[in-house]
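Here are a few friendly notes to read alongside the model. Please keep the structure open as you go through them.

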Amino acid sequence: METKRFDVVALGELLIDFTENGLSGQDNPLFEANPGGAPCNVLAMLNRLGHACAFVGKVGDDLFGKQLRDVVCAAGIDVSHLVMDAGCHTTLAFVKTAPNGDRDFSFYRDPGADMLLRAEEVPEADVANARIFHFGTLSLTHDGVRAATQKAVAAAKAGGALISFDPNLRPPLWSDLGLARAQIEWGLAQCDILKIADNELEFMTGETDFYKGAALLRRQYPNIRLFNVTAGAKGSYSFYQDLRVFEPAQTLGGTIETTGAGDTFCACVLHFALEHGLEGLMESDLHGMLRFANAAAYLVTTRKGAIRSMPERAEVEALLRRA
């Protein structure tokens, strides 16, 4: 890839994840205000891996928005295009964690700042100056931010960037799941690199067999050059040209919650693409990519939160040596 100012630019939500953290002396649940939001989670891990990243989005000019700006900046992510809007509140998500680490989300986003990003606030020149542009569907739920996302994708393509997409389906945030399906279809038609979770693959295809579901979408969207499926504790799959590769997840125990695991995985895939490109990949390349991504994702599940919990490369490599 040619030299660009940024390795990865991402657009989307930046919010506070209030995650459960025990009980008070009166047996009331305690929640910890963890900085989060899938696109910035991805960028935080990429920064850990040595990549120059920038974020495009909007938060409120409030207590939480200022906290998020400071945390993202401290994570080494360029925040020149993080809009602080005094006319709206920062989006909040309360996360209830099940014993197995799975999560149930309650969003306070009607409206939330992230969904109010406008097309004219998209920095086309900097988006075009990225090697990879990454986005998800939370920036496609409403007309204004959808137009901003579409403008950013067009600018990235015009600049020759690879397009990365993660559906990151959150049903409570959609007025109509038919609209969600249509917007995921649009994202699938734009991207070169896809990270899709098992439940999202089933939502889009009706298939519980990952191989059949992946084959169906790959036929429909031949533009997707590197197609990856995450299946939680089962592991992950990668499809590239005629190759189909599976790697089991790390099973060392100690999982606290799964927030940020998929984003960490996604970041590691983008790291691989930045280092290796997407031409002439071999089965061994895909196995190595998945092993690294699975290990990094596992480490995040042993910690609370996401942006501040991303592992260093040395931690991932040490875990792989133990496996």
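The points below go from the sheet to the cores and then to a helix pair.

1. A word on the basis: this is a predicted model, in which local features need pLDDT of at least 70 and side-chain atom pairs count only at pLDDT 80 or more, while totals for chains, interfaces and linings use all residues. Residues are numbered from 1 along each chain as its sequence is written, and side-chain values use heavy atoms, with hydrogens and water left out.

2. Do look at the sheet. Nine strands make up an open, mixed sheet ordered β5-β4-β1-β8-β9-β10-β11-β12-β13 (strands are DSSP E runs of at least two residues, helices H or I runs of at least four, numbered from the N terminus; strands pair if DSSP finds at least two bridges between them). Its edges are β5 (78-85) and β13 (243-248), each paired on one side only. From one strand to the next, the twist averages 15°.

3. Strand β8 (residues 130-136) deserves a look: seven of its seven residues are buried (under 20% relative accessible area, 1.4 Å probe, protein chains only), so the rest of the structure largely encloses it. β8 pairs in the parallel sense with β1 over four bridges, where V9 has F133 as its bridge partner. With strand β9 (residues 162-166), β8 has five bridges, also in the parallel sense; here H134 stands opposite S164.

4. Towards the β13 edge, strand β12 (residues 235-240) and β13 are antiparallel partners over six bridges. One of the pairs joins G235 to P248 in β13.

5. The largest nonpolar core (buried Ala, Val, Leu, Ile, Met, Phe, Trp, Tyr and Cys residues joined through side-chain atoms within 4.5 Å) has 56 residues, and those with the most contacts inside it include V8, L14 and I307. The biggest contribution is from α9, with 11 residues. Another core, of 42 residues, lies apart from it, with F133, F135, L140 and L201 among its members.

6. Finally, which angle do helix α8 (residues 261-276) and helix α9 (residues 283-301) make where they cross? Their axes cross at roughly 145° and come within 8 Å (axes are lines fitted to C-alpha atoms over the stretch in contact, with angles from 0 to 180 degrees between N-to-C directions). The contact residues (heavy atoms within 4.5 Å) include F265 and F272 in α8 and M289 and F292 in α9.

How values were computed
Buried < 20%, exposed > 50% of the residue type's maximum accessible area, 1.4 Å probe, protein only.
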